[in-house]
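Colleague: I would like to learn how to read a model like this one, feature by feature. Could you take me through it?

Modeller: Gladly; let us put it on the screen.

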Amino acid sequence: MGKIFVTQPHLPPLDEFYPYLQEIWAGKTLTNGGPMHQRLEAELCDHLGVQHISLFANGTLALVTALQALRITGEVITTPFSFVAGAHSLLWNGIKPVFVDIDPVSLNIDPRRIEAAITPQTTAIMPVHCYGNPCDVDAIQRIADNYNLRVIYDAAHAFGVTRGGASVLNAGDLSIMSFHATKVFNTFEGGAIVSPDAKTKQRIDQLKNFGFVDEVTVVAPGINGKMSEINAAFGLLQLQHIERAIARRREIDAMYRRLLGDVTGITCVAPTGQDTANYSYFPILVGPEYPMSRDELYEFMRANDVLGRRYFYPLISSFPMYRGLPSAAPANLPVATALALQVICLPIYPAMTDDDVERVASLFSLSERCALVY
Ligand code: T4K
């Protein structure tokens, strides 16, 4: 029996990729907004139901650029329960992150706690649709409107997620996505910014290309954030398979819920607030009633070649560059602090077989018995 990783990228048959490569070879445009790049932007707009997309080399560069595009400064309110790229993108822009605790059900930033964190220096809120579960975007927007703040969503996990009949990527001022190999939709490495109007997209496109407007005009200290033609071509191919890939994830999600629903002390985090989910992660919480601690269960799974991950432990706020901030104190973040010690993301990816899912689930009854023996 082989290892079961937390995820495996979905790779369409290799021979389906050759025609794209032949087209690139024939055209000799390898990057700088070539035809594959343009096609992928257009097809993603259609597929996701958004107006404007700018592709990036990865999600982190998209985050850094989104903050630049809106000229965000001062302090930004964000969640500690996420991947570290979010807060890092603030530091790269000289912005101070202000951490706000999460909601215990959605595991997203708790809108009820945002107002108390606003100061005269606050310019924006950067929530994360964690695991693809949408934030309470209406509550967040009300606060942003009241205090004249911008909202940049880290939608790295939210590919294809809809809420209230529309893409969640349309919420706020900008949304950023990640197309990293570990994501539902991947371009090996990649990312994007969704913007609401052509003018904002134009500024973002300039910023991701060194600030160039034309051959001789540079209007901003931009960066090189461009996605290459190979990555964009792979994205075009992936798009043809995405619905089947997500459908298989949905089946795996349902199997886990059926097999683990009655395990005492295990909570399968429920999807909240979306009409269309993408099943990008399968987080569980290991509570005190479970006979093993979270870390004992995690190690037990590893010993059995099931490589779940403790996303998102440790909290971002506990890393050395953040823990000195007043908002990073565990007392300010009691829910995130507690849940980061309980969470394990179980393997979920389209190539998992039913036997794989059963093998993962069987470890729970096995681990219960092992714990009793100890
Ligand atoms: N915002 C949020 C909320 C994010 O979650 C992320 C990224 C970002 C922003 C930034 O977007 P990017 O700049 O990355 O586009 C992974 C990813 O590297 C990272 O993209 C992702 N979030 C984060 C949650 O997870 P690791 O350190 O867990 O990856 P790694 O290499 O341990 O991979 C996990 C498992 O996936 C491996 O055990 C095997 C499998 N795998 C991985 C890769 C890379 C494969 O089978 N093939 C592969 O090529 O960070």
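Colleague: How many Å separate a polar side-chain atom of Thr60 from an oxygen atom of the ligand?

Modeller: Keep in mind that this is a predicted model. In it, the distance from a polar side-chain atom of Thr60 to a ligand oxygen atom is 2.6 Å. Ser178 also places a polar side-chain atom by an oxygen atom of the ligand, at 2.7 Å. Lys183 is paired with a nitrogen atom of the ligand instead: an N or O atom of its side chain lies 2.8 Å away.

Colleague: And how much of the ligand's accessible area does the protein cover?

Modeller: On its own the ligand has 920 Å² of accessible area, and the protein covers 76% of that. The ligand is surrounded by 25 residues. The closest are Gln8, Thr60, Asp154, Arg309 and Tyr311.

Colleague: Now the sheets, please. Which order do the seven strands of the open sheet follow?

Modeller: First the general idea: strands of a sheet pair through backbone hydrogen bonds, in a parallel or an antiparallel way. Here the seven strands run in the order 2-10-9-6-5-3-4, and their pairing is mixed. At the edges are strand 2 (52-56) and strand 4 (96-99), each of which pairs on one side only. Direction ignored, neighbouring strands of this sheet are turned against each other by 25° on average.

Colleague: Do strand 5 and strand 6 run parallel or antiparallel?

Modeller: They run parallel: strand 5 (residues 122-126) is joined to strand 6 (residues 150-154) by two bridges. To find your place along them, look for Ala124, which stands opposite Arg150 in strand 6. Helix 5 (residues 137-147) packs on the sheet and touches both strand 5 and strand 6. Its direction makes about 150° with that of strand 6.

Colleague: What is the pairing in the open sheet of three strands?

Modeller: That sheet has antiparallel pairing and the order 13-14-16. Its edge strands, strand 13 (266-268) and strand 16 (343-346), each pair on one side only. From one strand to the next the twist averages 30°. Strand 14 (residues 282-286) and strand 16 run antiparallel and are joined by four bridges. One residue to pick out is Phe282, whose bridge partner in strand 16 is Leu346.

Colleague: Which strands does helix 7 touch as it packs on this sheet?

Modeller: Helix 7 (residues 229-260) touches strand 13, strand 14 and strand 16, and its direction makes about 20° with that of strand 14. Helix 8 (residues 294-303) packs on the sheet too, touching strand 13, strand 14 and strand 16. The direction of helix 8 makes about 25° with that of strand 16.

Colleague: What should I look for in the backbone itself?

Modeller: Try omega and phi. The peptide bond from Tyr311 to Phe312 is cis, with omega near 10°, and the one from Tyr313 to Pro314 is cis with omega near -5°. Phe312 lies in the loop between strand 15 (306-307) and helix 9 (334-340), and Pro314 is found in the loop between strand 15 and helix 9. As for phi, Asn32 has a positive value of about 65° although it is not a glycine. Asn32 sits in the loop between helix 1 (18-27) and helix 2.

Colleague: Finally, which element has the lowest mean pLDDT?

Modeller: That is helix 10 (residues 354-373), with a mean of 83, whereas strand 3 (residues 75-78) has the highest, 99. For the protein, the mean pLDDT is 96, and 98% of the residues reach 70 or more.

Methods. Residues numbered from 1 in each chain as written. Predicted model: local features only at pLDDT ≥ 70, side-chain atom pairs only at ≥ 80, totals over all residues. Heavy atoms only, no water. Pairing = 2+ DSSP bridges. Axes fitted to C-alpha atoms, helices over the stretch in contact; angles between N-to-C directions. Contact = heavy atoms within 4.5 Å. pLDDT = per-residue confidence, 0-100. Near = heavy atom within 4 Å. Polar contact = N/O pair within 3.5 Å; in protein donor to acceptor, adjacent residues only side chain to side chain. Areas by Shrake-Rupley, 256 points an atom, 1.4 Å probe, with all protein chains shown as cover.
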